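Colleague: I'm new to this structure. Please pick one part, take a close look at it with me, and then show me a few other spots worth knowing.

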Amino acid sequence: MKQFRNRLTLIMLTLIGLSMLGAGLAMVKVFKQSHIQLLEDNMIREIRLLQTMMDFPDTDSPDAVEYYTNRSLQLEELSDARVTFITKDGRVIGDSESNPVTMDNHAYREEVLEAGKTGKGSTIRRSSTLGQDMLYVALPVKVGDSFDGFVRLSLSLSQVDNGVRQGWTVMGIGLAILFLAASLLSIRVAKGLTSPLEKITRVARRIARLEYDARVNINRKDEIGQLAKAINGMADSLQTQVRTIRDNEDLLQSVLNNMTGGIVMVNGSGRIMLVNRAAERMLGIDAEVITGKSYRELKQHYELTKLMKEGLDNRISFHEERNLYYPVESIIRLDGVPMVQEDGAYRGMLFLLQDVSDIRRLERMRSEFVANVSHELKTPLAAVKGFAETLLGGGVSDEKTARSFLQIIYDESERLNRLIGDILELSSIESKRVQMDYSPIHLQAFFETISEMMRTVAEKKRISLELDVPEELFMEGDEDKLRQIFMNLLSNAINYTQEGGRVKLTAREKLHNGQSEDIVQFIVKDSGIGIPKKDLPRIFERFYRVDKARSRGSGGTGLGLSIVKHLVDMHHGRIHVESELGVGSSFIIELPVLQEQEEAGI
Ligand code: ADP
């Protein structure tokens, strides 16, 4: 823009300068001509005056030359002009500058010739005598019979030149002032024209730098104002469009990033174009680093890149499952889908990743569970069948043995019954079909009922059953499920404690630095056989028993604690166990006093 302005100013200044120079030259010429014309007219008038005022004695008289020479000298003094008297035949008889005797014949001088012809002659010529530009004016003069010739006046033009030079100086100064004024004016005009253009250009540049809120602040009605308006309009629509595009992009981005499935987009030349957050997590990669690179850079996932290569080479969709070992061990289902544009052009492959580790693990657990259940059911069933067969075979004759066999059959079927009951219970809990039914529970009354139920079993083994529950303790819970929890724990405690031992249940409001945490802590403590350290982490697993023989003997199913754990979870609580072999075990449960209101369906 500066350049444009400079050029504009330069052009304007040159034009002004040239026109002023032209005007100046023309003026000087006119000035000079009119000056010369004026001089000429004056000289003609002087000659005419001379003709009437002066005596013109006979030119042929012997003292004529002296007379006319003196006359010319006098006249020069008066008029500042060189005066020359010339006879008709061109002889000089008087001259104010040089001796007429030595002068050439003047008959053919231009001014003389012209005067002879037209009655008035003038010329400008360089005088060989004076070495200056001279103006010569000659008129034919005839006075009676005594003088018939020409009177010539000549004037040095150096005076005229001086005048012209003076004129030049004055004019030069004038021109310079004028030029200066014009320059200032033209700079102003150029600036007035270019500064809004500069503003507009600046704004256009800012818009190009993606600053879409830039606007031109020019309020004019002319073309520049219209241009500014057009630029602002363009910026407005650009801004709206960009906003719409950004909104769409944000929407798309958040959809992509909030998907649980991973997405990796690879273009036709094998470059990764897009990686969403789930894919970053599953593959242990950074989208910012990997985007734009080749899919082969996913080196840790050899199996995956092999599949991707096949898909990219063959441009066909596929569905496969592969194990990943980085960043964590997982099973990934990979769906490859070729991306084809509307015009049918191939754009690359879209890979969808689904972490199926949990599904597969659940499936495995389920089938293991079925295997376990079948196994657990088979054992008592085999006993029932075996003893029944023996009895039916008639091989047992004495009644005592027969009764003991029948007792075994009864016990085993009872166990089978319990087992099936526990399995049904567990599977209904695990499938989350169980609704919680919360109500306020007065814990002391609650545990008294339970201990009543347990007392007979405890007394059989002469085990003391102690309760330590403060009167004022209340909590919110599902009473049936809480009962199930403590019946299970207490019956385990009685089961795994030798005769004459002790079982104690304590309930306390948990305090932290004297402050209530709104948590009730329960401890079921026994003086029993204890649990080996290595088994502690596993006793809440399904069918896990520390020692099959002793558990079987006590009629356990190995499901009790896993049911307890589920029920505690459902109350948003925690359970853990502390135990020492041969000394006893403590099961510690922490449950919130109040249950948060949950949404229906859980
Ligand atoms: P079970 O029906 O066999 O008792 P549980 O799931 O209730 O099954 O218990 C799992 C295992 O934990 C039991 O087999 C037993 O070995 C051990 N166990 C549970 N409670 C106690 C306890 N109070 N003292 C010692 N061992 C226990």
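Modeller: What follows is a walk along one helix, and then a short tour of other places in the chain.

First, some ground rules: this is a predicted model, where local features need pLDDT of at least 70, side-chain atom pairs count only at pLDDT 80 or more, and totals for chains, interfaces and linings use all residues. Residues are numbered from 1 along each chain as its sequence is written, and side-chain values use heavy atoms, with hydrogens and water left out.

Our part is helix 4, which takes in residues 158–208. Helices here are DSSP runs of H or I with at least four residues, strands are runs of E with at least two, and both are numbered from the N terminus. The expected span of a helix is 1.5 Å times one less than its number of residues. With 51 residues, helix 4 should therefore span 75 Å, and the 69 Å between its end C-alpha atoms agrees with that.

Now walk along it. W168 sits in helix 4, and its relative accessible area of 31% makes it partly exposed. That word has cut-offs: buried is under 20% relative accessible area, exposed is over 50%, and partly exposed is in between, using a 1.4 Å probe and protein chains only. W168 also joins L21 and L25 in a nonpolar surface patch, about 280 Å² of accessible area together. Patch members have over 30% relative accessible area and no salt bridge; nonpolar side chains (Val, Leu, Ile, Met, Phe, Trp, Tyr) are joined within 5 Å, like charges within 9 Å. The areas come from the Shrake-Rupley method with a 1.4 Å probe, and for residues only the protein chains shown count as cover.

Following L21 takes us to helix 1, residues 2–53, where L21 is partly exposed at 49% relative accessibility. For a sense of scale, the C-alpha atoms of L21 and F369 are 113 Å apart, with their positions 348 residues apart along the chain.

Back on helix 4, an unreviewed UniProt entry marks residues 168–190 as "transmembrane region". UniProt positions are given in the numbering used here, feature names are shortened, and annotations may be inferred rather than shown by experiment. In the model, residues 168–190 are 100% helix and 0% strand, with 31 Å between the end C-alpha atoms. The unreviewed UniProt entry then gives residues 191–243 as "domain: HAMP". Over residues 191–243, the chain is 74% helix and 0% strand, and the end C-alpha atoms lie 37 Å apart.

Helix 4 also bends: there's a kink of about 25° at T194, shortly before the proline P196. The bend at a residue is the angle between axes fitted to the seven residues ending there and the seven starting there. Just after helix 4, L210 has a positive phi of about 70°.

That brings us to backbone oddities elsewhere. Most residues other than glycine have a negative phi, and most peptide bonds are trans. D518, in strand 15 (residues 515–526), has a positive phi of about 60° without being a glycine. F543 does something similar, with phi near 65°, in the loop between strand 15 and helix 13 (548–553). D518 is partly exposed at 48% relative accessibility, while F543 is buried at 6%. There's a cis peptide bond too, joining Y326 and P327 with omega about -5°; P327 is in the loop between strand 8 (318–324) and strand 9 (330–340).

Last, charged pairs. A salt bridge is a side-chain nitrogen of Lys or Arg within 4 Å of a carboxyl oxygen of Asp or Glu, and the count by this rule is 32. In one of them, R152 pairs with E111, the closest N and O atoms being 2.7 Å apart. This pair links distant parts of the chain, with R152 in strand 5 (residues 147–156) and E111 in helix 3 (residues 110–118), 41 residues apart. R152 is buried at 1% relative accessible area, and E111 is buried at 0%. E111 and R152 also belong to a salt-bridge network with R125.
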